[in-house]
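Let's take a walk through this structure together. Keep the sequence and the 3D view handy as you read.

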Amino acid sequence: MIEVLRDFALELVPDDDSLGGMRPALEDVEAILGYEPQEGFPDRCWVLHAAAVGGRRTRWNDALAHAGKRLEDWQYTPSFRVFEHLDLPEGFEHPMLGEIDRGSLARLVEILARHSPDGSRTECYWAQAMIEDACRPVPARRGRLDEALGHHDACAWPGRTTSMQFPAHWWPLDGSWFVLTNWDLSATEVFGPPALIADLLADDGLDAVRHPSIAGVQDGCSQWRERAE
């Protein structure tokens, strides 16, 4: 695979780099769409990718309220299926699938920097989902946290300069937090210390929520849970 790399400085690492011991987990067959840690972090939450109505950002629950629904009633993971077959506001724009939107990423990076050893200059690993190139080792890079937006721009249409999406997994070298965007979902899961998760949930610039993990999906099926009257 040949990539033209411009305008960002994330360094490709060799395929035999262990990624701080994470490579076996990222390349496990069960992690083909993204690896979700099941232990090792005291807290977690979801950062919902931005939805909009008429070009203005709206919270998921505000859009769902138009159809008499709440995200809290949805027992599965935050995916495009949350909004299926619903009477949504006119001009509703769905959140991005499998890749965090730039605005949410910018705010997430700001908050992560406050909880990282070297702030925005914290060195991180950035790894793709295995599905992007399933017959090869997971492509990965190293680079500072403050390079995230430049790399996101390089992965975005129409002027993308790399053939892959924004990385599905990223984490600091000290392993104090971990970020996952699963290819099938419309939200990004963040794992880390309670203070980090509390800051994410309290931030007005993010639509961050507590919600069931990916492991809670049953037989790959997502549907509205019928509530007893």
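What follows goes from the confidence of the model to its sheet, its cores and its aromatic rings.

First, a word of caution: this is a predicted model. The mean pLDDT of the protein chain is 90, and 90% of its residues reach 70 or more. The stretch to treat with care is residues 1-7, where pLDDT stays under 50. For that stretch, the model has 14 contacts beyond four places in sequence.

Now look for the sheet. It's an open one with eight strands, and if you go across it you meet β1, β7, β6, β8, β9, β10, β2 and β11 in that order, with antiparallel pairing. At the edges sit β1 (11-12) and β11, each of which pairs on one side only. As a general matter, strands of a sheet pair through backbone hydrogen bonds, either parallel or antiparallel.

Let's zoom in on β6, which covers residues 123-127 and has four of its five residues buried. With β7 (residues 140-144), β6 makes five bridges in the antiparallel sense, and C124 stands opposite G143 there. With β8 (residues 169-172), β6 shares four bridges, again antiparallel. One pair to pick out here is W126, whose bridge partner in β8 is W170. Further across the sheet, β2 and β10 are joined by six bridges, also antiparallel, and V47 faces T188 in β10.

Next, turn to the inside. In general, nonpolar side chains of soluble globular proteins tend to be buried together. Here the largest nonpolar core has 24 residues, and L112, L145, W170, V190 and L200 touch the most other members. Two or more residues each come from β2, α3, β6 and α5, and α3 gives the largest share, with six. You've already met W170 as a bridge partner of W126. Leaving aside residues up to four places away in sequence, W170 touches L105, L108, V109, L112, Y125, W126, L145, W177, F178 and V179. There's also another core, apart from this one, with 17 residues that include W60, A63, L64 and V82.

How does α5 fit in? In this helix (residues 194-202), L196, I197 and L200 are buried. Viewed down the axis of α5, the buried residues fall within an arc of 95°, so they line one face of the helix. Among the elements covering them are β2 (43-48), α3 (102-114), β10 (187-192) and β11 (208-209).

Finally, the rings. The count of aromatic pairs comes to twelve. One of them is W60 with F83, an edge-to-face pair at 5.0 Å centre to centre with 70° between the planes. W60 belongs to helix α2 (residues 60-65), while F83 is in the loop between α2 and β5 (92-93), so this pair ties together parts that are 23 residues apart in sequence. Both partners are tucked away: W60 is buried, with a relative accessible area of 1%, and F83 counts as buried at 3% relative accessibility. Another edge-to-face pair is W74 with Y76, at 6.1 Å centre to centre and 80° between the planes; both of these residues are buried too. Some rings join up further, with ring pairs linking Y35, F41, Y125, W171, F178 and F191 into a cluster.

Notes. Residues are numbered from 1 along each chain as its sequence is written. Side-chain values use heavy atoms; hydrogens and water are left out. pLDDT is the predictor's confidence in each residue, from 0 to 100. Contact means heavy atoms within 4.5 Å. Buried means under 20% relative accessible area, exposed over 50%, partly exposed in between (1.4 Å probe, protein chains only). Two strands pair if DSSP finds at least two bridges between them. The arc is that of the directions from the helix axis to the C-beta atoms. A nonpolar core is a set of buried Ala, Val, Leu, Ile, Met, Phe, Trp, Tyr and Cys residues joined through side-chain atoms within 4.5 Å. Rings of Phe, Tyr and Trp (its six-membered ring) pair if their centres lie within 6.5 Å; planes under 30 degrees apart count as stacked, over 60 as edge-to-face and the rest as tilted.
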